[in-house]
Amino acid sequence: MLPEIPAFLGNQGSAGLTNNVKLDDILSLAIRIALIGLLAAAVRQLCTSFESSIYDAFFPTAHISQTDPAFEWIQSYLAQSPQAQKQIKSFRLKTADLRQSRRDDSNRLKEVQNAVKSFLRHPESTLSLARKNATFVDSVIGQISPINEQSIFLNHKGAYLWITRKSKCYAKVEFLTREEHFEICGLSFQPKGIKQFLIDAHGAFFKKSHKELLIFNLGPQTANWIDPIPRPTRPWLSVILPDEVKEPLLQDVKDFLSDEETEWYCARGIPHRRGYLLQGKPGSGKTSLATAIASQLGLDIYIVNPAAGGMDDNKLNKAFRNCPPGNMILLEDIDCVMPPRIRRAQSGSENGNDGDDDENYGDNNATNSGGTGMVKSTVTLSGLLNAIDGVSSQEDCILFATTNHPERLDSALSRPGRFDVQLSFHDATYEQAKLLFKHFFPYLGNNSNLSKDESTLSEKKVNCVLPGKIESDGQLEELAEQFAHGVFNPNLIIKSCDQPDVDLEKAYQAEEDYKTKIEVQISMAALQGYLLMHKKDPNQAAIQASAWSDSLRMNKQEEEKKNRLLKKAARERK
Ligand SMILES: Nc1ncnc2c1ncn2[C@@H]1O[C@H](COP(=O)(O)OP(=O)(O)OP(=O)(O)O)[C@@H](O)[C@H]1O
């Protein structure tokens with residue numbers, strides 16, 4: 001016998017059945033809808049990928065992000081390309097070289113204007129100095145590049161390319177970021193044309209004549225190497241230092257960068273790095289020597305300023321890592337990265353707090369962020385050491401660092417493998433003063449010491465400022481002696497064309513004394529400044545040297561006296 005259906009179910013039995021039927025219908029309908037949806041999505045996906053593979057097959061495309069160095073090459077290529085410039089109606093202007101655009105030297109501007117015009121007409125020719133990446137807009141010098149979403153059509157060596165600058169927004173942590181990129185689309189089955197375009201854009205960006213030196217700086221946000229600034233090379237002979245300092249240094253750099261040396265390091269598994277530390281008085285030629293070495297060996301200079309606003313350990317590391325091999329990294333004023341504890345201890349500060357955390361001194365330290373709205377540098381000593389010789393840091397580059405305060409440097413920097421070569425620079429010597437004078441006023445009858453380029457340069461210089469003033473080697477020697485004596489011994493007057501005879505015996509004795517014991521401290525930069533004031537008149541430069549040196553000495557004495565009084569007053573107040 002079947003059990004009885006409970007009463008409370010009895011009435012609902014048929015209704016429950018109907019509900020179940022309805023539920024089944026709904027379920028099957030939902031499944032069918034879902035299946036149709038999936039099918040539609042799959043078909044759509046198939047169509048999209050079919051479309052994109054057809055598109056890719058006929059129009060290969062490259063995307064170059066703003067954060068990649070290639071973005072700069074393309075921008076600069078478009079600024080130089082007459083084809084592109086014709087198509088750009090609305091544009092972005094980047095005045096890359098404001099220094100030039102502020103010049104109100106109309107002749108020079110005309111020269112630049114003609115050079116750019118002729119370059120646009122004959123792109124195969126090299127552009128004159130410093131205008132390589134520029135487009136000329138009347139008296140403003142800068143780069144003209146397309147705005148967003150504008151397509152530029154180029155026929156590059158037979159390949160048809162569309163280059164479009166685009167931008168997209170995306171969320172990054174708590175704020176929205178806009179990132180730009182170039183889209184380069186070609187009309188062909190292979191991306192060969194696009195690759196060739198990129199190779200040529202790269203070549204044009206780094207192209208320089210043998211008289212140019214390219215100086216790269218870091219982009220503040222991305223820490224990419226941007227905006228190479230072409231500068232005239234620094235002639236080797238224009239840096240006046242003892243030959244026993246200059247020549248071995250040049251040879252050392254040359255040897256280090258040679259293929260044999262690179263292979264030697266590689267074969268032994270030793271990182272191929274070499275650091276040079278140039279230390280000493282301001283204006284003594286540290287930067288000039290580094291520039292002259294780069295000029296002599298055709299290296300580009302990559303300038304790193306660890307104290308710049310926005311700089312941190314990661315960016316510093318990236319900058320070092322991304323420096324192309326075979327070039328020079330120049331770290332100016334390396335002492336500003338030293339922790340405050342060391343700096344205070346070295347400068348004898350009485351309030352030094354030895355409890356400072358050396359790793360977190362960036363906030364107290366960085367100086368260059370004012371006004372830029374960027375956060376201060378947070379580069380630490382360990383970050384710097386890591387960038388110099390960490391596992392991932394650069395190889396095959398030479399590192400030059402300069403400092404006016406070697407005493408502030410941490411001893412970790414002198415560890416072998418970091419700065420293997422250290423050179424000290426001093427104030428000008430008697431011999432250097434003479435040589436600088438001769439460099440300023442060369443006697444052109446005998447320029448056997450000058451290389452061809454340098455002699456042409458000196459010839460031009462002299463012809464425009466000094467027509468026929470120096471008449472013989474003897475006269476030059478005499479004036480140079482008089483100048484050096486004037487600088488280092490204002491009371492001694494030797495025989496010169498404009499001076500009456502003096503007691504020569506006394507003069508020669510004093511000369512010997514002064515060659516060995518020079519008390520005046522004058523930098524080469526100061527001597528250069530003085531000679532520039534008399535660049536048209538070597539006689540006056542020689543004659544007035546002693547008065548000038550005297551006034552320098554008196555000013556210095558005054559200053560020292562003032563400082564002593566101030567210190568005394570401060571002590572008395574305490
Ligand atoms: N030994 C030198 N020979 C020729 N010129 C020099 C020499 N030293 C300095 N000068 C001139 O003085 C100026 C400053 O030189 P430079 O910048 O090389 O000095 P520095 O030692 O790097 O100074 P700082 O430490 O202040 O950066 C330059 O214009 C340079 O031409």
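Hi everyone. Let's start with one residue, G390: with 15 C-beta neighbours inside 10 Å, it counts as partly exposed. You will find G390 in the loop between α14 and β13, where β13 covers 398-403. Now look for R321. Along the sequence G390 and R321 are 69 residues apart, yet in space their C-alpha atoms are 9.9 Å apart.

Before going on, please keep in mind that this is a predicted model.

Let me step back to the whole chain for a moment. How many helices and strands does the secondary structure come to? The chain has 21 helices and 14 strands. There are 574 residues, and 29% of them count as buried. Then there are the contacts. Taking those in the chain with a separation of 6 or more, 72% are between residues 24 or more positions apart. The pair G390 and R321 showed us one such separation in sequence, at 69 residues.

Here are two more residues to find on your screens. Please go to strand β7, residues 175-186, and pick out G186. Is G186 buried or exposed? G186 is buried, because 25 other C-beta atoms lie within 10 Å, and the cut-off for buried is 20 or more. Who are its contacts? If we leave aside neighbours within four places in sequence, G186 is in contact with F59, P60, A159, Y160, L161, P191, G193 and I194. I163 is worth a look too: it sits 23 residues from G186 in sequence, and the two C-alpha atoms are 8.8 Å apart.

Now move to strand β1, residues 61-65, where we find A62. A62 has 19 C-beta neighbours inside 10 Å, so it counts as partly exposed; buried would need 20 or more. Not counting residues up to four places away in sequence, A62 touches I184, P191 and I194. You have heard P191 and I194 already, in the list for G186. The C-alpha atoms of A62 and I194 are separated by 7.4 Å, although their positions lie 132 residues apart along the chain.

Next, helix α11, residues 313-321. Which of its residues are buried? They are D313, K315, L316, N317, A319 and F320. What do these buried residues pack against? Their partners are the strands β8 (212-218), β11 (301-304) and β12 (328-331), together with helix α14 (381-389).

From β12 we can carry on into the loop that leads to α12 (340-347), and there we meet D333. Its phi is near 50°, a positive value in a residue other than glycine. D333 is partly exposed, since 16 other C-beta atoms lie within 10 Å. E149 also has a positive phi, of about 70°, and is not a glycine. Its place is the loop between β4 (140-146) and β5 (151-156). E149 counts as exposed, because it has 9 C-beta neighbours inside 10 Å.

Let's turn to a pair of helices. Two packed helices are described by the angle between their axes and the distance between the axes. Here the pair is α15, residues 430-440, and α19, residues 524-533: they pack at an angle of about 35°, with their axes 11 Å apart. The crossing of α15 past α19 is right-handed. On the α15 side the contact has Q432, A433, L436, F437 and F440, and they meet M524, L527, Q528 and L531 in α19. Sorted by kind, the residues of this contact are seven nonpolar, two polar and no charged.

Hold on to M524, please, as it brings us to the ligand. Of the 17 residues around the ligand, which come nearest? They are G285, T287, S288, M524 and A525. Two helices, α10 (286-297) and α19, each supply at least two residues of the shell. By kind, the shell has seven nonpolar residues, nine polar and one charged.

And why do we say the ligand lies between two domains? Domain 2 (226-425) and domain 3 (449-557) both give residues to the shell, so the ligand lies between them.

So, if you open the model later, try starting at M524: it belongs to the contact of α19 with α15, and it is also among the residues that come nearest to the ligand. Thanks for listening!

Note on methods: Residues numbered from 1 in each chain as written. Predicted model: local features only at pLDDT ≥ 70, side-chain atom pairs only at ≥ 80, totals over all residues. Axes fitted to C-alpha atoms, helices over the stretch in contact; angles between N-to-C directions. Helix = DSSP H or I, 4+ residues; strand = E, 2+ residues; numbered from the N terminus. Left-handed = near helix turned anticlockwise from the far one by under 90°. Contact = placed C-beta atoms within 7 Å. Nonpolar A, V, L, I, M, F, W, Y, C, P; charged D, E, K, R; others polar. Near = placed C-beta within 6 Å. Domains from an automatic or database assignment. Buried ≥ 20, exposed ≤ 12 C-beta atoms within 10 Å, placed from the backbone.
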